[in-house]
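Me: Please take a close look at one part of this predicted model, and describe it in a connected way. I would like the surroundings of a single side chain first, and then the metal site.

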Amino acid sequence: MARCNSNHNLIVHHIKRDGGNSLNNAEVLCSVCYSNYTTVSNPGPGEPIAHDGPSPPPFSQQTINEALTRAHNRCECERLTCLNH
Ligand SMILES: [Zn+2]
Ligand SMILES: [Zn+2]
């Protein structure tokens, strides 16, 4: 399955909620993939997840920048279940 590669409304999100805020726990998603992803396991973008412990620590601006650079400012989503691509 092809990668999404969208460059619109990119969000750096935590791959694992308990995985910390380092670069290897960061994934760049466009807003559509992010909402597709979050509707599977989360209530929705920006909403707290009551059943899953505390929210992960936010990424630093440097980590966000590094994640975006690593992703070439494009969505990294390759999920087979994602309907966006
Ligand atoms: Zn995407
Ligand atoms: Zn996707």
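Reply: Leaving aside residues up to four places away in sequence, His14 touches Gly20, Asn21, Asn25, Pro56, Pro57, Pro58 and Phe59. One of these partners, Pro57, also takes part through its backbone oxygen, which the side chain of His14 reaches at 2.6 Å. His14 itself is placed in strand E1, and with a relative accessibility of 16% it counts as buried, because the cut-off for that class is under 20%.

Turning to the metal site, the zinc ion (ligand 1) has as its protein donors the SG atoms of Cys4, Cys30, Cys33 and Cys75, which lie 2.3 to 2.4 Å from the ion. The angles among these 4 donor atoms run from 103 to 114 degrees, and the site is tetrahedral; for four tetrahedral donors the ideal angle is 109.5 degrees. Along the sequence, the donor residues follow the spacing C-x25-C-x2-C-x41-C. Cys4 lies in the segment before strand E1 (10-14), whereas Cys30 belongs to strand E2 (residues 26-30), so this pair ties together parts that are 26 residues apart in sequence. Both members of the pair are buried, Cys4 with a relative accessible area of 15% and Cys30 at 2% relative accessibility. Cys33, another of the donors, has a further role in the geometry, since it bridges the zinc ion (ligand 1) and the zinc ion (ligand 2), and these two ions lie 4.2 Å apart in the predicted model.

Technical notes
Residues are numbered from 1 along each chain as its sequence is written. Chains are lettered from A and ligands numbered from 1 in the order in which they are written. This is a predicted model: local features need pLDDT of at least 70, side-chain atom pairs count only at pLDDT 80 or more; totals for chains, interfaces and linings use all residues. Side-chain values use heavy atoms; hydrogens and water are left out. Donors are N, O and S atoms within 2.8 Å of the metal (3.2 Å for Na, K and Ca); water is not among the atoms, so sites may look incomplete. Four donors count as tetrahedral if all angles lie between 85 and 135 degrees; four count as square planar and six as octahedral if opposite donors are over 155 degrees apart and all others between 65 and 115; anything else is irregular. Helices (H or I, at least four residues) and strands (E, at least two) are DSSP runs, numbered from the N terminus. Buried means under 20% relative accessible area, exposed over 50%, partly exposed in between (1.4 Å probe, protein chains only). A polar contact is a pair of N or O atoms within 3.5 Å; within protein, one must be able to donate a hydrogen and the other to accept it, and residues adjacent in sequence count only if both atoms are side-chain atoms. Contact means heavy atoms within 4.5 Å.
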